[in-house]
Amino acid sequence: MDGANTANVAPVLILLGPPGAGKGTQARMLEEKFGLVQLSTGDLLRAAVAAGTDAGKAAKAVMEAGELVSDQIVIDILRDRLGDADCAKGVILDGFPRTTVQAEALDELLSESGQKINAAISLEVDDAAMVTRISGRYTCGSCGEGYHDEFKQPAKDGVCDKCGGTEMKRRADDNAETVESRLVAYHAQTAPLIAYYDGKGSLQKIDAMGSIDDIAGGLSAIVVKATA
Ligand code: ADP
Ligand code: ZN
């Protein structure tokens, strides 16, 4: 019974794109709309840093420099999280995989559980706009809702629309210098995954230079099709 019916296999979506492309914002939207679970390796790593685990200690300086954390650490963290019961609903991977080694490890993990990638969606943006997007962003410390100085302010200044929280946070790596390094790492190590997924027939592209709502609409349509 359990897992025998392929129609019940939980969907797996991947969001690809440079830092600032809006992966986190859109993943949260898809989570709410489709009842999927957002898995952000950036969030998992920041939690590991805050908790002071061995992985967190190893990752901290690398993240602050805007470079990629080692494949081994990230793959271990992702594997652990994928094993949690809630992930049986289906997942949206945000920020993973980021290297070919990670993509191959993911293929292997999924094949062990009889799952496959429904779609790898590339959020297409201009690098130049990413620095502005990233340097203006902040999140609610209580619920994680994302905001932006220019593009998405809460209705009441300093108060989260979603949960009423008043503690807003800015990431340590969201400054102009680190953003440059993150973009370099993206082009060198992550952008090749676009061809990787194209070769497997799972790539979808979306113009991600528009408004948050427009992108959300386009993405929803892709997800509906990919999970039908
Ligand atoms: P962004 O996509 O905006 O750069 P993330 O929160 O996804 O932000 O990632 C922040 C940092 O965490 C990255 O710059 C990198 O150091 C680390 N990181 C996150 N995911 C991965 C991954 N899959 N592989 C290696 N490092 C990662
Ligand atoms: Zn909130």
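How many bridges join strand 5 to strand 7, and do they run parallel or antiparallel? That opens the first exercise; the model you're working with is predicted.

**Exercise 1. Work out the pairing around strand 5.**

Step 1. Start with the opening question: two bridges join strand 5 to strand 7, and the two strands run antiparallel. To find the register, look at Thr-139, which stands opposite Lys-169 in strand 7.

Step 2. Now turn to strand 6. Strand 5 pairs with strand 6 over three bridges, in the antiparallel sense. Here Arg-137 stands opposite His-148 in strand 6.

Step 3. Check the connection. Strands 5 and 6 make a hairpin with five residues between them, and Gly-144 in the turn has a positive phi of about 85°. As background, most residues other than glycine have a negative phi.

**Exercise 2. Describe the zinc site and say why its geometry gets the name it does.**

Step 1. List the donors. The SG atoms of Cys-140, Cys-143, Cys-160 and Cys-163 coordinate the zinc ion (ligand 2) at 2.3 to 2.4 Å.

Step 2. Go through the angles. The four donor atoms subtend 101 to 114° around the zinc ion (ligand 2), so the arrangement is tetrahedral. The cut-off behind that call is that all angles lie between 85 and 135 degrees.

Step 3. Read the spacing along the chain: the donor residues follow C-x2-C-x16-C-x2-C. One pair links distant parts of the chain, with Cys-140 in strand 5 (residues 137-140) and Cys-160 in the loop between strand 6 (146-148) and strand 7 (168-169), 20 residues apart.

Step 4. Finish with exposure: Cys-140 and Cys-160 are both buried.

**Exercise 3. Put Gly-136 in its surroundings.**

Step 1. Locate Gly-136: it's in the loop between helix 6 (127-135) and strand 5.

Step 2. Is Gly-136 buried or exposed? Its relative accessible area is 6%, so Gly-136 counts as buried; the cut-off for buried is under 20%.

Step 3. Pick out the contacts. Leaving aside residues up to four places away in sequence, Gly-136 touches Tyr-147, His-148, Asp-149 and Arg-170.

Step 4. Try a distance as well: from Gly-136 to Glu-167, C-alpha to C-alpha, there are 16 Å in space and 31 residues in sequence.

**Exercise 4. Lay out the five-stranded sheet and find its edges.**

Step 1. Write down the strand order. The sheet is open, its five strands come in the order 2-3-1-4-8, and the pairing is parallel.

Step 2. Find the ends. Strand 2 (37-40) and strand 8 (203-207) each have a single partner strand, so one side of each has no neighbour in the sheet. Neighbouring strands in this sheet are turned by 25° against each other on average, direction ignored.

Step 3. Follow strand 4 (residues 119-124) to strand 8: five bridges join them, in parallel. Ser-122 stands opposite Lys-205 in strand 8, and Glu-124 has Asp-207 as its bridge partner there.

Step 4. Go to strand 1 (residues 12-16), which runs parallel to strand 4 and is joined to it by four bridges. Leu-13 has Ala-119 in strand 4 as its bridge partner.

Step 5. Ask how enclosed strand 4 is. Five of its six residues are buried, so strand 4 is largely enclosed by the rest of the structure.

**Exercise 5. Compare the settings of Gln-26 and Ser-211.**

Step 1. Place Gln-26 in helix 1 (residues 23-34). With a relative accessible area of 3%, Gln-26 is buried.

Step 2. See what packs there. Not counting residues up to four places away in sequence, Gln-26 touches Leu-15, Leu-123, Ile-212, Ile-215, Ala-216 and Leu-219.

Step 3. Place Ser-211 in the loop between strand 8 and helix 9 (212-226). Ser-211 is partly exposed, with a relative accessible area of 36%. Phe-151 is 60 residues from Ser-211 in sequence and 8.6 Å from it in space, C-alpha to C-alpha.

**Exercise 6. Find the cis peptide bond, then decide where to read with care.**

Step 1. Look between Phe-96 and Pro-97: that peptide bond is cis, with omega near -5°. Pro-97 is in the loop between strand 3 (91-94) and helix 5 (100-112).

Step 2. Check confidence. The protein averages a pLDDT of 93, and 96% of the residues score at least 70.

Step 3. Flag the weak stretch: over residues 1-6 pLDDT stays under 50, and the model has zero contacts there beyond four places in sequence. Where pLDDT is low, the predicted coordinates shouldn't be read in detail.

Definitions and conventions. Residues numbered from 1 in each chain as written. Chains lettered and ligands numbered in written order. Predicted model: local features only at pLDDT ≥ 70, side-chain atom pairs only at ≥ 80, totals over all residues. Heavy atoms only, no water. Donors = N, O, S within 2.8 Å, 3.2 Å for Na, K, Ca; no water. Tetrahedral: all angles 85-135°; square planar, octahedral: opposite > 155°, others 65-115°. Buried < 20%, exposed > 50% of the residue type's maximum accessible area, 1.4 Å probe, protein only. pLDDT = per-residue confidence, 0-100. Contact = heavy atoms within 4.5 Å. Pairing = 2+ DSSP bridges. Axes fitted to C-alpha atoms, helices over the stretch in contact; angles between N-to-C directions.
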